[in-house]
Amino acid sequence: MEDFHELVERAFSRQALHPSDLPDLDLYMDQVITLIDNGYAANKRTPEEKLLTKTMIQNYSKAGLVRPIKGKKYTPEHVVQMLAIYALKRTLTIGEIKQAFDAFFEERTPEPSLSACYEQSLSRKEALSGPVARLIEESGLDPAASRSDAFAALLTAAALSDAFACLTEEILDHYLPPASRSR
(Lines give C-alpha, C1' and ligand atoms only; values in the text may rest on other atoms or scores of the structure.)
Protein backbone atom coordinates (compact mmCIF):
# COMPACT_ATOMS: atom_id res chain seq x y z
CA MET A 1 0.00 0.00 0.00
CA GLU A 2 1.24 3.47 -0.85
CA ASP A 3 2.18 5.71 2.02
CA PHE A 4 0.45 9.05 2.48
CA HIS A 5 3.48 10.98 1.23
CA GLU A 6 3.21 9.20 -2.13
CA LEU A 7 -0.52 9.96 -2.34
CA VAL A 8 0.10 13.65 -1.67
CA GLU A 9 2.92 13.74 -4.23
CA ARG A 10 0.72 12.07 -6.86
CA ALA A 11 -2.20 14.42 -6.18
CA PHE A 12 -0.02 17.49 -6.64
CA SER A 13 1.85 16.21 -9.67
CA ARG A 14 -1.13 15.26 -11.82
CA GLN A 15 -0.31 15.10 -15.48
CA ALA A 16 -1.07 18.19 -17.54
CA LEU A 17 -0.81 19.05 -21.19
CA HIS A 18 1.06 22.27 -21.82
CA PRO A 19 0.29 24.45 -24.83
CA SER A 20 3.78 23.62 -26.10
CA ASP A 21 2.76 19.92 -26.12
CA LEU A 22 0.06 20.61 -28.69
CA PRO A 23 0.71 20.05 -32.37
CA ASP A 24 0.99 23.25 -34.36
CA LEU A 25 -1.82 22.26 -36.69
CA ASP A 26 -5.57 22.06 -36.67
CA LEU A 27 -7.18 18.81 -35.48
CA TYR A 28 -10.43 17.00 -36.11
CA MET A 29 -12.68 16.35 -33.09
CA ASP A 30 -11.57 12.70 -32.78
CA GLN A 31 -7.93 13.81 -32.78
CA VAL A 32 -8.62 16.38 -30.03
CA ILE A 33 -10.33 13.70 -27.93
CA THR A 34 -7.42 11.29 -28.42
CA LEU A 35 -4.84 13.99 -27.63
CA ILE A 36 -6.54 14.93 -24.35
CA ASP A 37 -7.30 11.33 -23.43
CA ASN A 38 -3.65 10.34 -23.95
CA GLY A 39 -2.31 13.51 -22.35
CA TYR A 40 -4.33 13.02 -19.18
CA ALA A 41 -4.43 9.21 -19.07
CA ALA A 42 -2.49 9.11 -15.79
CA ASN A 43 -5.14 11.31 -14.13
CA LYS A 44 -8.00 8.87 -14.65
CA ARG A 45 -9.41 7.22 -11.54
CA THR A 46 -10.48 4.26 -13.67
CA PRO A 47 -9.42 3.19 -17.16
CA GLU A 48 -13.05 3.56 -18.32
CA GLU A 49 -13.32 7.23 -17.33
CA LYS A 50 -14.03 9.55 -20.26
CA LEU A 51 -12.21 12.86 -19.97
CA LEU A 52 -13.62 14.36 -23.14
CA THR A 53 -16.31 13.15 -25.52
CA LYS A 54 -17.89 14.42 -28.72
CA THR A 55 -21.00 15.31 -26.72
CA MET A 56 -18.95 17.33 -24.23
CA ILE A 57 -17.27 19.27 -27.05
CA GLN A 58 -20.64 19.90 -28.71
CA ASN A 59 -22.12 21.07 -25.39
CA TYR A 60 -19.13 23.33 -24.73
CA SER A 61 -19.54 24.80 -28.20
CA LYS A 62 -23.30 25.33 -27.75
CA ALA A 63 -22.67 27.02 -24.38
CA GLY A 64 -20.16 29.37 -26.05
CA LEU A 65 -17.17 28.02 -24.11
CA VAL A 66 -15.31 26.92 -27.21
CA ARG A 67 -15.10 29.66 -29.77
CA PRO A 68 -16.66 28.86 -33.17
CA ILE A 69 -14.55 26.74 -35.47
CA LYS A 70 -14.06 27.11 -39.18
CA GLY A 71 -14.85 23.92 -41.01
CA LYS A 72 -14.41 20.78 -38.97
CA LYS A 73 -11.03 21.40 -37.38
CA TYR A 74 -9.98 22.81 -34.02
CA THR A 75 -6.99 25.12 -33.77
CA PRO A 76 -4.41 24.82 -30.97
CA GLU A 77 -6.20 27.77 -29.30
CA HIS A 78 -9.46 25.79 -29.31
CA VAL A 79 -7.64 22.88 -27.68
CA VAL A 80 -6.28 25.22 -24.99
CA GLN A 81 -9.87 26.37 -24.36
CA MET A 82 -10.80 22.71 -23.77
CA LEU A 83 -7.79 22.24 -21.48
CA ALA A 84 -8.90 25.27 -19.46
CA ILE A 85 -12.45 23.87 -19.28
CA TYR A 86 -11.02 20.56 -18.04
CA ALA A 87 -9.06 22.44 -15.36
CA LEU A 88 -12.09 24.43 -14.22
CA LYS A 89 -15.00 22.01 -14.51
CA ARG A 90 -14.37 20.19 -11.23
CA THR A 91 -14.75 23.51 -9.41
CA LEU A 92 -17.03 25.74 -11.49
CA THR A 93 -20.30 25.21 -13.31
CA ILE A 94 -20.46 25.50 -17.08
CA GLY A 95 -22.18 28.89 -16.64
CA GLU A 96 -19.40 30.12 -14.37
CA ILE A 97 -16.72 28.92 -16.80
CA LYS A 98 -18.54 30.81 -19.57
CA GLN A 99 -18.60 33.90 -17.35
CA ALA A 100 -14.83 33.64 -16.87
CA PHE A 101 -14.16 33.08 -20.58
CA ASP A 102 -16.48 35.92 -21.59
CA ALA A 103 -14.70 38.29 -19.21
CA PHE A 104 -11.29 37.12 -20.45
CA PHE A 105 -12.13 37.43 -24.15
CA GLU A 106 -14.02 40.72 -23.63
CA GLU A 107 -10.85 42.49 -22.47
CA ARG A 108 -9.78 45.01 -25.10
CA THR A 109 -6.31 45.85 -23.84
CA PRO A 110 -3.35 43.79 -24.98
CA GLU A 111 -3.37 40.82 -22.63
CA PRO A 112 -1.56 37.53 -22.69
CA SER A 113 -3.19 34.86 -24.78
CA LEU A 114 -5.25 32.11 -23.21
CA SER A 115 -2.32 29.78 -23.91
CA ALA A 116 0.02 32.06 -21.95
CA CYS A 117 -2.44 32.31 -19.03
CA TYR A 118 -2.95 28.55 -19.00
CA GLU A 119 0.81 27.92 -19.08
CA GLN A 120 1.28 30.42 -16.25
CA SER A 121 -1.32 28.57 -14.16
CA LEU A 122 0.51 25.27 -14.66
CA SER A 123 3.82 26.86 -13.64
CA ARG A 124 2.26 28.35 -10.50
CA LYS A 125 0.65 25.03 -9.57
CA GLU A 126 3.99 23.31 -9.94
CA ALA A 127 5.70 25.96 -7.81
CA LEU A 128 3.04 25.67 -5.09
CA SER A 129 2.84 21.87 -5.06
CA GLY A 130 5.92 21.33 -2.89
CA PRO A 131 5.03 23.88 -0.19
CA VAL A 132 1.38 22.78 -0.07
CA ALA A 133 2.36 19.10 0.11
CA ARG A 134 4.77 19.89 2.96
CA LEU A 135 2.07 21.81 4.85
CA ILE A 136 -0.32 18.90 4.52
CA GLU A 137 2.29 16.44 5.72
CA GLU A 138 3.40 18.69 8.58
CA SER A 139 -0.21 19.03 9.75
CA GLY A 140 0.00 15.53 11.15
CA LEU A 141 -2.43 13.87 8.78
CA ASP A 142 -1.81 10.14 8.86
CA PRO A 143 -4.63 8.22 7.23
CA ALA A 144 -2.67 4.98 7.58
CA ALA A 145 -2.84 5.11 11.40
CA SER A 146 -6.49 4.02 11.69
CA ARG A 147 -9.84 4.20 9.92
CA SER A 148 -10.83 7.20 12.04
CA ASP A 149 -7.56 8.96 11.09
CA ALA A 150 -8.25 8.09 7.44
CA PHE A 151 -11.74 9.57 7.76
CA ALA A 152 -10.33 12.71 9.43
CA ALA A 153 -7.81 13.03 6.59
CA LEU A 154 -10.64 12.62 4.08
CA LEU A 155 -12.63 15.39 5.79
CA THR A 156 -9.55 17.62 5.91
CA ALA A 157 -8.86 17.13 2.20
CA ALA A 158 -12.52 17.88 1.44
CA ALA A 159 -12.36 21.02 3.59
CA LEU A 160 -9.25 22.18 1.74
CA SER A 161 -10.93 21.44 -1.56
CA ASP A 162 -13.96 23.45 -0.45
CA ALA A 163 -11.75 26.36 0.63
CA PHE A 164 -10.04 26.41 -2.78
CA ALA A 165 -13.44 26.14 -4.51
CA CYS A 166 -14.63 29.16 -2.49
CA LEU A 167 -11.46 31.04 -3.45
CA THR A 168 -12.13 30.19 -7.10
CA GLU A 169 -15.67 31.55 -6.81
CA GLU A 170 -14.42 34.72 -5.09
CA ILE A 171 -11.89 35.34 -7.89
CA LEU A 172 -14.63 34.82 -10.45
CA ASP A 173 -17.11 37.11 -8.66
CA HIS A 174 -14.65 39.90 -7.90
CA TYR A 175 -12.30 39.93 -10.88
CA LEU A 176 -14.29 38.32 -13.70
CA PRO A 177 -17.90 39.36 -13.00
CA PRO A 178 -20.66 38.96 -15.59
CA ALA A 179 -20.65 41.62 -18.28
CA SER A 180 -23.68 43.38 -16.77
CA ARG A 181 -21.82 43.86 -13.44
CA SER A 182 -18.34 44.61 -14.76
CA ARG A 183 -19.02 48.12 -15.93
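## Reading a fold, one feature at a time

Guide: Let's start with a pair of charged residues: the side chains of Lys44 and Asp37 meet in a salt bridge, with N and O 2.8 Å apart. Please keep in mind that this is a predicted model.

Visitor: Where does Lys44 lie in the chain?

Guide: Look for the stretch that connects two helices. Lys44 sits in the loop between helix H2 (29-39) and helix H3 (54-62).

Visitor: Is Lys44 buried or exposed?

Guide: Here we compare a percentage with a cut-off. Lys44 has a relative accessible area of 19%, so it counts as buried, the limit being under 20%. Its partner Asp37 has 26% and is therefore partly exposed.

Visitor: Apart from its close neighbours in sequence, which residues is Lys44 in contact with?

Guide: Setting aside neighbours within four places in sequence, Lys44 is in contact with Asp37, Glu49 and Leu51. Asp37 is the salt-bridge partner you have just met. As for Glu49, the side chain of Lys44 reaches its backbone oxygen at 3.2 Å.

Visitor: How many salt bridges does the whole structure have?

Guide: A search of the whole structure finds four. One of them joins Asp30 and Lys54, whose closest N and O atoms are 3.3 Å apart. This pair links distant parts of the chain, with Asp30 in helix H2 and Lys54 in helix H3, 24 residues apart. Asp30 is partly exposed because its relative accessibility is 45%, and Lys54 is partly exposed because its value is 41%.

Visitor: How far apart are N and O in the salt bridge of Arg67 and Asp102?

Guide: For Arg67 and Asp102 the N to O distance is 4.0 Å. Here too the pair links distant parts of the chain: Arg67 is in the loop between H3 and strand S2 (73-74), while Asp102 is in helix H5 (residues 94-106), 35 residues away. Salt bridges can also share partners, and in this way Arg67, Lys98 and Asp102 are joined into one network. With a relative accessible area of 24%, Arg67 is partly exposed, and so is Asp102 with 30%.

Visitor: Let's go back to the loop after H2. What does the side chain of Tyr40 make polar contacts with?

Guide: To read a polar contact, note which atoms meet: side chain or backbone. The side chain of Tyr40 makes a polar contact with the side chain of Tyr118 at 2.9 Å. The side chain of Tyr40 also reaches the backbone nitrogen of Leu17 at 3.2 Å.

Visitor: Is Tyr40 buried or exposed?

Guide: Tyr40 is placed in the loop between H2 and H3, and it counts as buried because its relative accessible area is 2%. Leaving aside neighbours within four places in sequence, its contacts are Gln15, Ala16, Leu17, Leu51, Leu83, Tyr86 and Tyr118. Leu51 is in contact with Lys44 as well. You can also compare sequence with space: Tyr40 and Arg14 are 26 residues apart along the chain, and their C-alpha atoms are separated by 8.3 Å.

Visitor: Which residues make the nonpolar surface patch?

Guide: Now we turn to the surface. Leu160, Phe164, Leu167, Ile171 and Tyr175 make a nonpolar patch of about 540 Å². Leu160 lies in helix H7 (residues 147-175), and it is partly exposed because its relative accessible area is 35%.

Visitor: How many disulfides does the structure hold?

Guide: A disulfide is a covalent bond between the sulfur atoms of two cysteines. The structure holds zero of them. Cys117 is partly exposed, with 26% relative accessible area, and Cys166 is partly exposed, with 37%.

Visitor: How many helices and strands does the protein chain have?

Guide: The chain has seven helices and two strands. Read from the N terminus, its elements follow the order α-β-α-α-β-α-α-α-α. The C-alpha trace spans about 55 × 40 × 25 Å along its principal axes.

Visitor: And what percentage of the residues is buried?

Guide: Of the 183 residues in the chain, 27% are buried. The accessible surface comes to about 12000 Å², and 57% of it belongs to carbon and sulfur atoms. For an overview of contacts, take those between residues at least 6 apart in sequence: 68% of them join residues at least 24 apart.

Technical notes
Residues are numbered from 1 along each chain as its sequence is written. This is a predicted model: local features need pLDDT of at least 70, side-chain atom pairs count only at pLDDT 80 or more; totals for chains, interfaces and linings use all residues. Side-chain values use heavy atoms; hydrogens and water are left out. Helices (H or I, at least four residues) and strands (E, at least two) are DSSP runs, numbered from the N terminus. Buried means under 20% relative accessible area, exposed over 50%, partly exposed in between (1.4 Å probe, protein chains only). A polar contact is a pair of N or O atoms within 3.5 Å; within protein, one must be able to donate a hydrogen and the other to accept it, and residues adjacent in sequence count only if both atoms are side-chain atoms. Contact means heavy atoms within 4.5 Å. Patches are made of residues with over 30% relative accessible area and no salt bridge: like charges are joined within 9 Å, nonpolar side chains (Val, Leu, Ile, Met, Phe, Trp, Tyr) within 5 Å. Accessible areas come from the Shrake-Rupley method with a 1.4 Å probe; for residues, only the protein chains shown count as cover. A disulfide is a pair of cysteine sulfur atoms within 2.5 Å.
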